[in-house]
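Visitor: I have some questions about how the labels on this model are earned. Could you take me through them?

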Amino acid sequence: MVEVTVTPQSSLADRPVQIRVQGLSPSQLVTLRAWLKDEQGECFQSRAFFRADGAGQVDPGLHAALGGSYSGVWPMGLLWFLQPDTLFRRLVKRDVAGSPFRVRLEVFDGLSLGVEPKEQPLASCEAERWYVGPGVQRVPIREGRVRGALFLPP
(Lines give C-alpha, C1' and ligand atoms only; values in the text may rest on other atoms or scores of the structure.)
Protein backbone atom coordinates (compact mmCIF):
# COMPACT_ATOMS: atom_id res chain seq x y z
CA MET A 1 0.00 0.00 0.00
CA VAL A 2 1.43 3.39 -1.05
CA GLU A 3 1.74 6.02 1.66
CA VAL A 4 2.99 9.62 1.56
CA THR A 5 3.92 11.31 4.85
CA VAL A 6 5.11 14.71 6.03
CA THR A 7 7.01 14.87 9.32
CA PRO A 8 6.11 16.89 11.32
CA GLN A 9 2.57 17.21 9.98
CA SER A 10 2.16 20.65 11.59
CA SER A 11 5.10 23.07 11.67
CA LEU A 12 6.19 26.67 11.33
CA ALA A 13 6.63 27.80 7.73
CA ASP A 14 10.37 28.40 8.14
CA ARG A 15 11.06 24.94 9.60
CA PRO A 16 12.11 21.99 7.46
CA VAL A 17 9.86 18.97 7.07
CA GLN A 18 10.60 15.52 5.73
CA ILE A 19 8.46 14.24 2.86
CA ARG A 20 8.57 10.52 2.22
CA VAL A 21 6.72 8.07 -0.03
CA GLN A 22 6.72 4.34 0.80
CA GLY A 23 5.13 1.24 -0.67
CA LEU A 24 6.04 1.82 -4.33
CA SER A 25 7.48 -0.79 -6.66
CA PRO A 26 11.28 -0.65 -7.03
CA SER A 27 12.26 1.85 -9.77
CA GLN A 28 8.64 2.99 -10.19
CA LEU A 29 8.31 6.40 -11.85
CA VAL A 30 6.00 8.72 -9.87
CA THR A 31 4.90 12.33 -9.70
CA LEU A 32 4.80 14.10 -6.35
CA ARG A 33 2.45 17.09 -6.37
CA ALA A 34 2.02 19.75 -3.68
CA TRP A 35 -0.80 22.28 -3.81
CA LEU A 36 -2.67 24.73 -1.65
CA LYS A 37 -5.35 27.38 -1.95
CA ASP A 38 -4.51 30.80 -0.53
CA GLU A 39 -6.92 33.02 1.39
CA GLN A 40 -8.43 34.34 -1.86
CA GLY A 41 -8.99 30.81 -3.20
CA GLU A 42 -6.12 30.97 -5.70
CA CYS A 43 -4.41 27.62 -6.31
CA PHE A 44 -0.62 27.29 -6.06
CA GLN A 45 1.11 24.04 -6.96
CA SER A 46 4.39 22.32 -7.70
CA ARG A 47 5.29 18.87 -8.95
CA ALA A 48 8.40 16.76 -9.26
CA PHE A 49 9.08 13.45 -10.98
CA PHE A 50 10.97 10.73 -9.10
CA ARG A 51 12.10 7.17 -9.62
CA ALA A 52 11.64 5.03 -6.49
CA ASP A 53 14.71 3.38 -5.02
CA GLY A 54 15.19 -0.39 -4.68
CA ALA A 55 13.04 -0.44 -1.50
CA GLY A 56 10.15 1.36 -3.25
CA GLN A 57 10.70 4.65 -1.44
CA VAL A 58 11.05 8.28 -2.51
CA ASP A 59 12.62 10.91 -0.25
CA PRO A 60 13.18 14.34 -1.90
CA GLY A 61 15.98 14.93 0.63
CA LEU A 62 17.90 11.91 -0.70
CA HIS A 63 16.61 11.30 -4.23
CA ALA A 64 16.97 13.76 -7.09
CA ALA A 65 13.86 15.03 -8.86
CA LEU A 66 14.10 14.13 -12.54
CA GLY A 67 12.09 17.17 -13.63
CA GLY A 68 8.87 19.05 -13.08
CA SER A 69 8.91 22.32 -11.12
CA TYR A 70 12.57 21.69 -10.24
CA SER A 71 15.27 19.07 -10.64
CA GLY A 72 17.95 17.77 -8.32
CA VAL A 73 17.97 17.08 -4.59
CA TRP A 74 15.84 19.66 -2.78
CA PRO A 75 14.40 18.36 0.51
CA MET A 76 11.81 21.21 0.59
CA GLY A 77 11.53 21.71 -3.17
CA LEU A 78 7.83 20.87 -3.35
CA LEU A 79 7.11 23.70 -0.88
CA TRP A 80 9.69 26.18 -2.18
CA PHE A 81 8.64 25.95 -5.84
CA LEU A 82 4.87 26.46 -5.45
CA GLN A 83 3.62 28.47 -8.44
CA PRO A 84 0.22 30.11 -9.04
CA ASP A 85 -2.20 28.68 -11.59
CA THR A 86 -2.97 32.31 -12.57
CA LEU A 87 0.00 34.36 -13.79
CA PHE A 88 1.31 37.27 -11.71
CA ARG A 89 -0.25 36.10 -8.42
CA ARG A 90 1.82 36.01 -5.26
CA LEU A 91 1.51 33.64 -2.33
CA VAL A 92 0.78 35.97 0.60
CA LYS A 93 -0.47 35.03 4.05
CA ARG A 94 -2.53 37.84 5.59
CA ASP A 95 -4.00 36.06 8.64
CA VAL A 96 -0.66 34.86 10.00
CA ALA A 97 -1.89 34.14 13.54
CA GLY A 98 -5.35 32.69 12.91
CA SER A 99 -4.82 29.83 10.47
CA PRO A 100 -2.09 27.88 8.65
CA PHE A 101 -1.62 27.19 4.98
CA ARG A 102 -2.84 23.63 4.42
CA VAL A 103 -0.59 22.00 1.82
CA ARG A 104 -1.92 18.87 0.13
CA LEU A 105 0.69 16.35 -1.02
CA GLU A 106 -0.25 13.70 -3.57
CA VAL A 107 1.65 10.95 -5.34
CA PHE A 108 0.62 9.78 -8.84
CA ASP A 109 1.78 6.82 -10.89
CA GLY A 110 3.98 7.84 -13.83
CA LEU A 111 4.37 11.38 -15.14
CA SER A 112 1.43 13.64 -14.39
CA LEU A 113 1.71 16.89 -16.33
CA GLY A 114 -1.80 18.37 -16.22
CA VAL A 115 -2.78 21.25 -13.94
CA GLU A 116 -5.60 19.10 -12.55
CA PRO A 117 -4.58 15.43 -12.73
CA LYS A 118 -7.37 13.27 -14.15
CA GLU A 119 -6.45 10.09 -12.28
CA GLN A 120 -6.81 9.44 -8.57
CA PRO A 121 -3.61 9.78 -6.50
CA LEU A 122 -1.99 6.61 -5.20
CA ALA A 123 -1.77 8.34 -1.81
CA SER A 124 -2.16 11.79 -0.29
CA CYS A 125 -1.72 13.68 2.98
CA GLU A 126 -1.99 17.21 4.31
CA ALA A 127 0.58 19.37 6.08
CA GLU A 128 -0.05 22.54 8.09
CA ARG A 129 2.41 25.42 7.69
CA TRP A 130 1.97 28.05 10.42
CA TYR A 131 3.46 31.55 10.33
CA VAL A 132 3.15 32.26 14.07
CA GLY A 133 4.00 29.85 16.87
CA PRO A 134 1.61 28.88 19.65
CA GLY A 135 1.03 31.61 22.22
CA VAL A 136 2.60 34.41 20.15
CA GLN A 137 0.66 37.65 20.46
CA ARG A 138 0.33 40.08 17.52
CA VAL A 139 0.19 43.78 18.46
CA PRO A 140 -0.66 46.25 15.64
CA ILE A 141 1.61 49.33 15.51
CA ARG A 142 0.28 52.71 14.32
CA GLU A 143 2.55 55.62 15.11
CA GLY A 144 2.36 58.60 12.77
CA ARG A 145 2.90 57.23 9.26
CA VAL A 146 4.50 54.02 10.56
CA ARG A 147 2.42 50.86 10.27
CA GLY A 148 3.45 47.41 11.35
CA ALA A 149 3.00 44.57 13.79
CA LEU A 150 4.91 43.50 16.86
CA PHE A 151 4.95 39.77 17.59
CA LEU A 152 5.47 39.04 21.28
CA PRO A 153 6.53 35.56 22.40
CA PRO A 154 4.53 33.89 25.17
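Visitor: Why is cysteine 125 not bonded to cysteine 43?
Guide: The two sulfurs are 16 Å apart, and cysteine 43 holds the closest cysteine sulfur to that of cysteine 125, so the distance is too far for a bond. A disulfide here is a pair of cysteine sulfur atoms within 2.5 Å. By this rule the count is zero disulfides. This is a predicted model: local features need pLDDT of at least 70, side-chain atom pairs count only at pLDDT 80 or more, and totals for chains, interfaces and linings use all residues. Residues are numbered from 1 along each chain as its sequence is written, and side-chain values use heavy atoms, with hydrogens and water left out.

Visitor: What makes cysteine 43 count as buried?
Guide: Its relative accessibility is 8%. Buried means under 20% relative accessible area, exposed over 50%, partly exposed in between (1.4 Å probe, protein chains only). Cysteine 125 has 13%, so that residue is buried too.

Visitor: Why is the pair of tryptophan 74 and phenylalanine 81 called edge-to-face?
Guide: The ring centres are 5.4 Å apart and the planes stand at 90°, so the label fits. Rings of Phe, Tyr and Trp (its six-membered ring) pair if their centres lie within 6.5 Å; planes under 30 degrees apart count as stacked, over 60 as edge-to-face and the rest as tilted.

Visitor: Which label does the pair of tryptophan 74 and tryptophan 80 get?
Guide: Edge-to-face, with 5.9 Å centre to centre and 90° between the planes. Tyr70, Trp74, Trp80 and Phe81 form one aromatic cluster. The whole structure has four aromatic pairs.

Visitor: How do you know whether tryptophan 80 is buried or exposed?
Guide: Its relative accessible area is 53%, so tryptophan 80 is exposed. Tryptophan 74, at 34%, counts as partly exposed. Phenylalanine 81, at 25%, is partly exposed as well.

Visitor: What makes β1 and β3 a pair?
Guide: Five bridges join them, in the antiparallel sense. Two strands pair if DSSP finds at least two bridges between them. Strands (E, at least two residues) are DSSP runs, numbered from the N terminus. Strand β1 covers residues 3–7. Valine 6 stands opposite isoleucine 19 in β3.

Visitor: Which side chains of β3 are buried?
Guide: Ile19 and Val21, which point to one face. Gln18, Arg20 and Gln22 point to the other face and are not buried. In a regular strand the side chains alternate between the two faces of the sheet.

Terms used:
Helices (H or I, at least four residues) and strands (E, at least two) are DSSP runs, numbered from the N terminus.
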